[in-house]
Amino acid sequence: IRDRWRGTKAAHYGKALVSVDGGAPTEVDCYSPTVLYQESIWDTGPLAPGEHTITIQCAGTKHTSSSYYYVTVDALEIMGTLEQADTPTRYEQDETELIYSSGWSTASHPVFSGGSLTYTSAARSVTVHFTGTNLAWIGTKAAHYGQATVTLDAGAPQTVDCYSPSTRFQAGLYATGILTDGPHTLLIEWAPTKNPASTYYYITVDAFDVMGTLSSP
């Protein structure tokens, strides 16, 4: 049993995170200096017979030579059959289970998920408690946006860069990958750092897509 992901590689394509059955994500680079269509982008290799779950997520990062962050899925070649995947639940930024430090601001516009989001350009944080197997942080990327630090279940902090040369609304800023089903905690903290090309330090919280449910601490 195996699965092959086919898609496009090009000079404006970014990176993806791919995981199998909840394992550690593998970073896959979709950049190519010339356009390659129907390219074999990633392969599971042989798997044991039975049910498997493959997760492909836009990483929000790119090769230094790439001009943008696109990721495509053109086809999947499977030695087996597809089954209906579970779909995440979207929780907006104003859910009562989310724990914000004081000082966040709110902006409203139809392009935002649910019509509004929260933002900051100073030292503030939001804590997300959830029960389930996966969470994605949704927000805005733009030329005047900075960086955040995310910590999952008290693990090693990771830097998330919210910079993009063009504005991207409802973008996937960070994803946990597939986790053991159960309670988890994600801490998002504004960082006093930014991409050298960025002109300022904003970060946003627009929504969270959760394979599971938000919970109280």
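**Warm-up**

Arg 6 has a relative accessible area of 23%, so Arg 6 counts as partly exposed (buried is under 20%, exposed over 50%, partly exposed in between, with a 1.4 Å probe and protein chains only). This is a predicted model, in which local features need pLDDT of at least 70 and side-chain atom pairs count only at pLDDT 80 or more, while totals for chains, interfaces and linings use all residues. Residues are numbered from 1 along each chain as its sequence is written, and side-chain values use heavy atoms, leaving out hydrogens and water.

**Exercise 1. Find the salt-bridge partner of Arg 6, and say where both residues lie.**

Step 1. Recall the rule: a salt bridge is a side-chain nitrogen of Lys or Arg within 4 Å of a carboxyl oxygen of Asp or Glu.

Step 2. Arg 6 meets Glu 77, with 2.6 Å from N to O. Arg 6 sits in strand β1 and Glu 77 in strand β6 (residues 75-78), 71 residues apart. Strands here are DSSP runs of E, at least two residues long, numbered from the N terminus.

Step 3. Check the surface: Glu 77 is partly exposed at 34%.

**Exercise 2. Which parts of the chain does the salt bridge between Asp 43 and Arg 4 tie together?**

Step 1. The closest N and O atoms of Asp 43 and Arg 4 are 2.9 Å apart.

Step 2. Asp 43 belongs to strand β4 (residues 36-43) and Arg 4 to strand β1 (residues 3-9), so the pair ties together parts 39 residues apart in sequence.

Step 3. Now join the pieces: Arg 4, Arg 6, Asp 43 and Glu 77 are linked in a network of salt bridges. The whole structure has 5 salt bridges.

**Exercise 3. Is Asp 209, the partner of Arg 90, buried or exposed?**

Step 1. Arg 90 and Asp 209 form a salt bridge, their closest N and O atoms being 2.7 Å apart.

Step 2. Asp 209 has a relative accessible area of 16%, so Asp 209 is buried. Arg 90, at 34%, is partly exposed.

**Exercise 4. Explain why Cys 162 has no bond to the sulfur of Cys 58.**

Step 1. A disulfide is a covalent bond between the sulfur atoms of two cysteines. The cut-off used is a pair of sulfur atoms within 2.5 Å.

Step 2. The cysteine sulfur closest to that of Cys 162 is in Cys 58, 13 Å away, which is too far for a bond.

Step 3. A search of the whole structure finds 0 disulfides. For Cys 58, the nearest cysteine sulfur is that of Cys 30, 8.6 Å away.

Notes:
Helix = DSSP H or I, 4+ residues; strand = E, 2+ residues; numbered from the N terminus.
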